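Please open the structure in a viewer and keep the selection tool at hand. The tour below proceeds stop by stop, stating what to select and what is found there.

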Amino acid sequence: MMFSTPAKALLGALSLSTVVSGFYLPGVAPTDYKKGDTVPLYVNRLTPSSNEKSPELRSVFPFDYYHDKLGFCQPKNGPEKVAESLGSILFGDRILTSPFELHMGKNETCKKQCGPKKYKKKMATFVNRRIWQNYNLNFLVDGLPGSYVDNTGTEYFTQGFPLGYLDTPEPEDGKVPTPYLNTHYNFMIDFHEIPSRKGDPRYRVVGVTVQPESRQSREDNTREFGANCDSEEPVSLSEEHETEVLYTYSVYWRPSKTAWATRWDRYLGVENPNIHWFSLVNSAIIVIFLTSMVGMVLLRALRKDISRYNQLDINEDVQDDSGWKLVHGDVFRAPKNPMLLSILLGSGSQLFFMTGVTIAFALLGFLSPSNRGSLGTVAILLYTLLGFVGGYVSARVYKTLGGEAWKKNIILTPFLIPGIVFAWFFFLNLFLFMNQSSGAVPFTTMLALIGIWFVISVPLSFAGSWFGFRSPIIEAPVRTNQIPRQIPPSIGYLRPIPSMLLAGILPFGAIFVELYFIMNSIWFHRVYYMFGFLFVCYGIMIVTCSMVTILMVYFLLCSENYHWQWRSFFTAGACAFYIFLNAIVYWVSKLSLGGLTGNVLYLGYSALIGFLFFILTGTIGFFSSYFFVQKIYGSIKIE
Ligand SMILES: *[C@@H]1O[C@H](CO)[C@@H](O)[C@H](O)[C@H]1NC(C)=O
């Protein structure tokens, strides 16, 4: 590790900002309970995960806890929905009430959830398949997910605990492992006492641990809670005949010194991330180093060019010069299809600011994972409000590029890209519906999204466009000739495809470690919390994108090719190609999804993310090149 000392310093500074985030959004206040008060336990959807024995992910869609075929116990009056944020729903949470009864501070062993459940063939097959796919149950006690302890006592700070497990050790070749269903849950709940002035102490929930077990409990009405959990025989659902299952649970309360404000820390400190962090910092430093080298070289070459060009004008006879000055009469010629370019740039600016501000909020601790879905909600709201910026940028660029169809531009800006994204999202959602997965976004949420878009985003975008068209065009520093110049054929790495592939890899290199963590959090449902690093990564990505694109545009102009506008967009946007490629590598190495639906869904979402990245990085590339071209042509004298 050659950069370990600066890396360590940076690491310290960054981790501090995430750990210190002891403040929460207003409204997310602690709940105080008296002794014996009911503490709510909510159930969330089942999510696929992986474990040491099968590290590959075998499914991607979540299922509702109260899915018919799972046969879990329901509360007496049926499950009720728990209010959730928009972001929480969009990202798949389905939180419902449960039949579990937890009383603050009261140890209760072997409680019956409901009467015995009968598992017929179809249900048994369904459940066994879900056990094989490593599905996790996700419970929330007082809003806190349970960490999980397996029967060897190892604690896992993941969200959720397994639905069941397979035979240990694995049976000999050819035999199918027997799946065992966890039928008994031991809840270990840590509580923190708050001394009270009046003398009756209050308690807060500060930790939840679940230890699931498979045991054949029996109904027994002579016992206090109606069940006998003494048997240690595991339960396996037979796919031939009916199996009867009695679901039971025990609750143990343990006093704890952990303060409520820090109750999330143990989930966020998960698997020692140092190795990944070091590698991230190292790669970031290498990328910064590379780009600054490139920048310096470029700056020198430019300074030489400019002083040479400006001297040349004095002795007119030296005219056999080549280089970027030759295309001064064409470099500001409007590119083909200015409409599409300006719309992409409008949406790209919207994405750019949305991403930056969302990550900054998260970094400051406003979007703690304890506040479910807040990240998604904030991102969507920001995108909506930034409609104004999108409209403004699109209109101003379009006007500067000499576009005439301003009405079309105003209308298309808020509809084209969001429309494509929404249609794609809707299409993928259909697949989820077909699979009866709870991951499908409910119709009402879809309507709400469309409503927000039409009522807030579209008018804001129109207003932005209006301002954009009223602002003056951005003056070019040189005049454009009447007759376009001939462009010599491109050679070598300057041909479109090689130049894009070459340039796209650097910004990708800046973010790919973070990307790995984000992918794990999306597909393996792990908590993502390294917003400090994400913020730095975003910054590095912006710098790398701009530098690389500027360099490419410089070479392009030197080769007397003045079609730099689309080229700069695509050069930076090529980063998205690598992101998609990375998703495919991830797909091959970490997922093994049976069936068409899971694969379509995975590739569909990856393509969508790639598309958004394309617009985002493309916009960064275009604007930095634009700035660069304005600057260099503004600094030479032209008669
Ligand atoms: C409840 O169970 C926990 C864990 O076994 C134990 O530490 C605690 O003392 C028990 N509380 C009471 C009131 O018995």
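The model shown here is predicted.

**First stop: helices α12 and α14**

Begin by selecting two groups of residues. In α12, take Tyr538, Met541, Ile542, Cys545, Ser546, Thr549, Ile550, Val553, Tyr554 and Leu557; these meet Phe613, Leu616, Thr617, Ile620, Gly621, Ser624, Ser625, Phe628, Val629, Ile632 and Tyr633 in α14. By class, this contact comprises 15 nonpolar residues and six polar ones, with no charged residue.

Now extend the selection to the whole of α12, residues 531-558, and of α14, residues 596-634; their axes come within 8 Å and cross at roughly 55°. Angles from 35 to 65 degrees fall outside the parallel and perpendicular classes, and α12 and α14 are therefore oblique to each other. Their crossing is right-handed.

**Second stop: helix α6 against α12**

Keep α12 displayed and add α6, which spans residues 338-363. How far apart are the axes of α6 and α12, and at what angle do the helices pack? The axes are 8 Å apart, and the angle is about 150°. Because angles over 145 degrees count as roughly antiparallel, α6 and α12 are described as roughly antiparallel to each other. The crossing in which α6 passes α12 is left-handed.

To see the residues involved, select Leu351, Phe352, Thr355, Gly356, Ile359, Ala360, Ala362 and Leu363 in α6, together with Phe531, Gly532, Leu534, Phe535, Tyr538 and Ile542 in α12, which they meet. Eleven residues of this contact are nonpolar and three are polar, while none is charged. Tyr538 and Ile542 of α12 also belong to the residues that meet α14.

Within α6, select Ser347 next. Is Ser347 buried or exposed? Ser347 has a relative accessible area of 1% and is buried. Leaving aside residues up to four places away in sequence, Ser347 touches Tyr383, Thr413, Ile417 and Ile615.

**Third stop: the loop after α12**

Move on to Glu560, in the loop between α12 and α13 (564-590). Its phi is near 65°, a positive value in a residue other than glycine. Most residues other than glycine have a negative phi. With a relative accessible area of 16%, Glu560 is buried.

**Fourth stop: a six-stranded sheet**

Turn to the open sheet of six strands, whose order is β5-β19-β14-β15-β9-β10 and whose pairing is mixed. Which strands stand at the edges? They are β5 and β10 (155-156); each has a single partner strand, so one side of each is left without a neighbour in the sheet.

Inside this sheet, select β14, residues 184-194, and β19, residues 248-255; the two pair in the parallel sense over eight bridges. One bridge to display joins Phe191 to its partner Pro255 in β19.

**Final stop: Cys110 and Gln113**

Select Cys110 in edge strand β5, residues 108-112. Cys110 has a positive phi, near 55°, although the residue is not glycine. At 11% relative accessibility, Cys110 counts as buried.

Finish at Gln113, in the loop between β5 and β6 (117-119). Gln113 is buried as well, with a relative accessible area of 9%. Not counting residues up to four places away in sequence, Gln113 touches Cys73, Pro99, Phe100, Tyr185, Tyr247, Thr248 and Tyr249. For a final distance, select Asp265 too: from C-alpha to C-alpha, Gln113 and Asp265 are 31 Å apart in space, and 152 residues separate them in sequence.

Note on methods:
Residues are numbered from 1 along each chain as its sequence is written. This is a predicted model: local features need pLDDT of at least 70, side-chain atom pairs count only at pLDDT 80 or more; totals for chains, interfaces and linings use all residues. Side-chain values use heavy atoms; hydrogens and water are left out. Axes are lines fitted to C-alpha atoms, for helices over the stretch in contact, and angles run from 0 to 180 degrees between N-to-C directions. Helices (H or I, at least four residues) and strands (E, at least two) are DSSP runs, numbered from the N terminus. Angles under 35 degrees count as roughly parallel, over 145 as roughly antiparallel, 65 to 115 as roughly perpendicular and the rest as oblique. A crossing is left-handed if the near helix is turned anticlockwise from the far one by less than a right angle, and right-handed if clockwise. Contact means heavy atoms within 4.5 Å. Ala, Val, Leu, Ile, Met, Phe, Trp, Tyr, Cys and Pro count as nonpolar, Asp, Glu, Lys and Arg as charged, and the others, Gly among them, as polar. Buried means under 20% relative accessible area, exposed over 50%, partly exposed in between (1.4 Å probe, protein chains only). Two strands pair if DSSP finds at least two bridges between them.
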